[in-house]
Every structure is written in C-alpha cells, then in structure tokens.
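What follows is a guided reading of one protein chain, moving from its strands to its helices and to a few individual residues. Please keep the sequence and the coordinates in view while reading.

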Amino acid sequence: MIHRAAAFCAPDAARSRETCRVTASPVLISNAGGLDVLAAVAGQLGFHPQDSVVICGLMPPRGRLGPIIRADLVSLAHPEARAAIRANLERVREVGAEGAFVARYRSQLAPSLRDDRAFDEALTLVEGLFQLVGLWDVGPGGIREHDVSTRRPVGPLFGDDDLKGTRAAAALVFQGVSTTGRREDLARIGWAAAGERR
C-alpha cells in the first residue's frame with residue numbers, strides 16, 4: 001500500500017529554493033531490496049530525483065518505508081543546509097524511524113561515494129541518528145549498491161530496466177501513481193501538438 005502525505009521543508013537561504021523535502025508516508029513493500037526502495041522513492045516524491053541525496057527513514061517493526069528527505073547535492077556543502085537536514089532527520093526519528101536508506105542521485109559522472117566529501121558529511125549526520133541499512137549510487141553509469149561501512153561498491157551494476165521491473169514499481173503502476181522525469185515538471189501541464197489532439 002502506498003500513501004502520499006504533505007511535506008515540510010527548510011528553505012535554502014543561499015538560493016531561495018527548497019533544500020529538504022520530507023514526506024511522511026507509510027509504504028510497505030514486503031521483502032524489499034534496495035531496487036524496490038529506489039522505485040518507491042520516485043513514486044513518493046512524484047519525480048525522479050536528480051543531483052540529490054535522498055534519505056529514507058525505515059519504520060519498525062518490518063522496515064516500512066517512512067519519511068523521505070531529499071536535498072540538492074550542491075547545497076550539501078552549505079552550513080544552513082546541513083543544519084536543515086539534521087533538523088529534518090531528528091523529525092524523522094521523532095516519528096519512529098530506526099533505520100535509514102540513503103541514495104545519491106546524479107545526472108553526470110561524479111566522484112566515488114568515498115571521495116564525495118559533502119555527501120560523506122550528510123552520511124555522518126544520518127549515521128549519528130540511525131542505523132544505515134542501505135547505501136546506493138544512481139547515475140548515468142548505472143545503479144549500484146555500496147557497502148555501508150566501507151562505502152565501496154558491492155554487487156552488480158543495475159540499469160533503469162531493473163528498476164522498472166521491481167515489485168514496488170509494479171505496485172505504483174497498479175496504484176495509478178505517476179512520476180515526472182524532473183522536479184521542475186511537477187507543476188507543468190504539457191500541451192498536445194495539433195496532430196495529437198482529438
């Protein structure tokens with residue numbers, strides 16, 4: 001079952017944009033793996049994250065997907081953004097989350113997770129409050145799981161088709177949940193070309 005709920009955010013003072021988005025929504029995906037969680041994230045946010053860090057709170061007793069925090073990667077180095085992320089992580093803990101699943105989404109090639117200092121600082125915030133259960137990197141080269149302690153890649157490299165073939169993606173389709181390719185497209189209504197109108 002997939003539910004959506006309102007979000008609360010902290011503004012990014014340097015860019016006058018939303019820094020964090022927290023969505024309190026109980027999602028239950030039985031026997032979920034990392035790809036299932038990644039597929040559910042897009043459905044919960046309504047768009048496929050790009051150049052973002054996404055932190056998913058996991059609720060007891062069965063690791064239900066709880067509140068989701070999304071922040072722009074470029075804002076991670078800003079002290080106010082880190083403070084906002086920490087405040088939102090504390091809110092996620094207050095609603096009962098015990099574990100966390102973290103993914104870095106990027107639109108171009110970037111340093112490895114181990115060499116991305118700003119991302120590592122965000123992970124340190126997460127690890128200070130939660131047990132880190134999953135760590136993934138999503139980018140143009142593919143989707144890959146990383147070891148939570150060493151930050152090194154483990155397992156195979158997955159593609160978008162692997163994500164679309166998950167149980168969570170199927171559940172989203174049956175629930176009628178649609179997503180846009182980018183956050184900017186959430187409020188945009190596309191116009192059909194003259195030949196497509198009926």
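In this predicted model, strands β5 and β6 pair in the parallel sense, and seven bridges connect them. One place at which to inspect this pairing is A100, which stands opposite L132 in β6. Strand β5 itself covers residues 99–105, and seven of its seven residues are buried, so that the strand can be described as mostly covered. Its residues point to two sides: G99, F101, A103 and Y105 are directed one way, while A100, V102 and R104 are directed the other way, and all of them are buried.

Strand β5 also pairs with strand β3, which comprises residues 52–59; here the two strands run antiparallel, and seven bridges join them. A100 appears in this pairing too, as the bridge partner of G57, and I55 of β3 stands opposite V102 in β5. The residue A100 therefore serves as a useful landmark when β5 is viewed together with the strands that pair with it, since it has G57 as a bridge partner and stands opposite L132 of β6.

How many residues of β3 are buried? Eight of the eight are, and for that reason β3 is largely enclosed by the rest of the structure. As in β5, the residues can be sorted by the way they point: S52, V54, C56 and L58 face one way from β3, whereas V53, I55, G57 and M59 face the other way, and all of these are buried. Beyond its pairing with β5, strand β3 is joined by seven bridges to strand β4, residues 64–72, and these two strands run antiparallel. Within that pairing V53 stands opposite A71 in β4. The connection between β3 and β4 is a hairpin with four residues between the strands, and G63, which lies in the turn, has a positive phi of about 75°.

From here the reader may turn to strand β6, residues 131–139, in which D137 lies. Is D137 buried or exposed? Its relative accessibility is 7%, and D137 therefore counts as buried. The side chain of D137 makes a polar contact, at 2.8 Å, with the side chain of R104, a residue of β5 that is itself buried. When neighbours within four places in sequence are left aside, D137 is in contact with R104, R106, L113, G142, I143, R144 and H146.

The last of these, H146, is placed in strand β7, which runs over residues 142–146. With a relative accessibility of 7%, H146 counts as buried. Not counting residues up to four places away in sequence, H146 touches L113, L135, D137, R151, R152, P153 and V154. L113 is thus in contact with D137 and is also touched by H146.

Among the helices, α3 covers residues 117–129 and contains L129, which at 14% relative accessibility counts as buried. L129 and R86 are separated by 43 residues in sequence, and their C-alpha atoms are 9.2 Å apart in space. Apart from residues up to four places away in sequence, the residues that L129 touches are R86, L89, E90 and R93.

A helix-to-helix packing is found between α1, residues 34–45, and α5, residues 167–175, whose axes are 7 Å apart and meet at an angle of about 30°. The two helices are therefore roughly parallel to each other, given that angles under 35 degrees count as such. On the α1 side the contact is made by D36, A39, A40 and G43, and on the α5 side by R167, A168, A169 and L172. By character, the residues of this contact divide into five nonpolar, one polar and two charged.

These parts can now be set within the chain as a whole, which contains five helices and eight strands. Followed along the sequence, the helices and strands give the pattern β-β-α-β-β-α-β-α-β-β-β-α-α. The protein chain has 198 residues, of which buried residues make up 42%. Finally, when contacts between residues at least 6 apart in sequence are considered, 63% of them join residues at least 24 apart.

Definitions and conventions
Residues are numbered from 1 along each chain as its sequence is written. This is a predicted model: local features need pLDDT of at least 70, side-chain atom pairs count only at pLDDT 80 or more; totals for chains, interfaces and linings use all residues. Side-chain values use heavy atoms; hydrogens and water are left out. Axes are lines fitted to C-alpha atoms, for helices over the stretch in contact, and angles run from 0 to 180 degrees between N-to-C directions. Angles under 35 degrees count as roughly parallel, over 145 as roughly antiparallel, 65 to 115 as roughly perpendicular and the rest as oblique. Contact means heavy atoms within 4.5 Å. Ala, Val, Leu, Ile, Met, Phe, Trp, Tyr, Cys and Pro count as nonpolar, Asp, Glu, Lys and Arg as charged, and the others, Gly among them, as polar. Buried means under 20% relative accessible area, exposed over 50%, partly exposed in between (1.4 Å probe, protein chains only). A polar contact is a pair of N or O atoms within 3.5 Å; within protein, one must be able to donate a hydrogen and the other to accept it, and residues adjacent in sequence count only if both atoms are side-chain atoms. Two strands pair if DSSP finds at least two bridges between them.
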